[in-house]
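Hi everyone, thanks for coming. I'd like to walk you through a structure today, so please have a look at it while I talk.

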Amino acid sequence: MQFELDPFNGVIIQTDAIPEDASAFHQSLQDIVTFARREAKNIVWLTLSIRQSHLVAMATDLGFVFHNCQEDELTLILKAPTTEFVPFIPTHTIGAGAIVTNGAGQILVIREQGMAGFKLPGGHVELGERIEEAVVREVWEETGVEADFQSIVGFTTRHPFRFGKSNLYFVCRLAPTSETIDIQDTDEIAEARWVDWHTYIADPTHSPFNRQMVAQLSQADGLKPFEPSHNTGPFRKHETFFADGE
């Protein structure tokens, strides 16, 4: 198997060079482990695709442990006895909710299937998806209302969340470009409506946190999208939000 050395005294096994034959894989991996120990390498990184899952037990028999898992691949590592720091595994999921206010001073809210109270539309930000894109998409899927992203007006964290990870939830301000409700995701959403935000705050059937959030943020300006100059190269920022400094 081929491998490369990283800048942190580690060994990265090239995934596309991993043999399918179990015996050949085991021998090659043993050779790499021997090399890494002889050269005092900190970490050996091994990523197996889902079609190579039959090789996992051989790797763990040689001392590899799980580091992170995606839908179609698993990454394992072998640490040297003196290695204390390992780059962290993904620790957070990200969600985004939308305060969408129309010209009549009403906010857009949704009720999920099986739930009593209403809340802001929103949902999960997919891997690689921009917060701006995700919250606009979620509003449309849950209400059928089209809207433009304006700013981030707040965020909150929760731990533990799903799978023992933390969750980071961004509250965003959107401006509607349409107001007709036409729920797309009828499996998840039972009802969507426009309501006066004062009425929403006063209604105890909605959760206290959601009511406090609307009361605090319904008129806030928030952090606006900002594109840094010279934002290129390997350290390019995926998304930037700054407060107005003027």
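I'll begin with the chain as a whole and then turn to a few residues.

One thing to keep in mind throughout is that this is a predicted model. In the protein chain you can count five helices and 13 strands. How spread out is the chain, compared with a compact globule? Its radius of gyration is 24 Å, and the globule rule gives 18 Å for 246 residues, so the chain is more spread out than a compact globule. If you follow the C-alpha trace along its principal axes, it spans about 70 × 45 × 30 Å.

Now for the surface and the inside. Of the 246 residues, 38% count as buried. The accessible surface comes to about 14,500 Å², and carbon and sulfur atoms account for 54% of that. On the charge side, the chain has 18 positive and 35 negative charges, and the mean positions of those two sets are 6 Å apart. As for contacts, take those between residues at least 6 apart in sequence: 61% of them join residues at least 24 apart.

Let's move to the aromatic rings. A search of the whole structure turns up four aromatic pairs, and I'll show you two, starting with Phe-3 and Phe-35. Their ring centres are 5.1 Å apart and their planes meet at 40°, so this pair is tilted. Which parts of the chain does the pair tie together? Phe-3 sits in strand S1, residues 3-5, while Phe-35 belongs to helix H1, residues 22-38, so the pair ties together parts that are 32 residues apart in sequence. Phe-3 itself is partly exposed, at a relative accessible area of 30%.

My other example is Phe-155 with Phe-170. Here the centres are 5.9 Å apart and the planes are at 45°, so this pair is tilted. It links distant parts of the chain, with Phe-155 in strand S9 (residues 147-158) and Phe-170 in strand S10 (residues 166-176), 15 residues apart. Are the two partners buried or exposed? Phe-155 counts as exposed, at 59% relative accessibility. Phe-170, on the other hand, is buried, because its relative accessible area is 13% and the cut-off for buried is under 20%.

Staying with those strands for a moment, look at the loop between S9 and S10, where you'll find Pro-160. The peptide bond joining His-159 and Pro-160 is cis, with omega about -5°. For background, most peptide bonds are trans, and most residues other than glycine have a negative phi.

That brings me to two backbone spots. Asn-9 is not a glycine, and yet it has a positive phi of about 65°. You'll find Asn-9 in the loop between S1 and strand S2, where it counts as partly exposed at 27% relative accessibility. Ala-40 also has a positive phi, near 55°. Ala-40 lies in the loop between H1 and strand S3 and is exposed, with a relative accessible area of 52%.

Finally, let's visit Ala-36 in helix H1. This residue is buried, with a relative accessible area of 5%. Leaving aside residues up to four places away in sequence, Ala-36 touches Lys-41 and Val-44. Its C-alpha atom is separated by 8.3 Å from that of Gly-10, which is 26 residues away along the chain.

That's my tour, and I'm happy to take questions.

Definitions and conventions:
Residues numbered from 1 in each chain as written. Predicted model: local features only at pLDDT ≥ 70, side-chain atom pairs only at ≥ 80, totals over all residues. Heavy atoms only, no water. Helix = DSSP H or I, 4+ residues; strand = E, 2+ residues; numbered from the N terminus. Rg over C-alpha atoms; globule rule 2.2 N^0.38 Å. Buried < 20%, exposed > 50% of the residue type's maximum accessible area, 1.4 Å probe, protein only. Contact = heavy atoms within 4.5 Å. Areas by Shrake-Rupley, 256 points an atom, 1.4 Å probe, with all protein chains shown as cover. Lys, Arg positive; Asp, Glu negative; His and termini not counted. Charge placed at Lys NZ, Arg CZ, Asp CG, Glu CD. Phe/Tyr/Trp six-rings, centres within 6.5 Å; stacked < 30°, edge-to-face > 60°.
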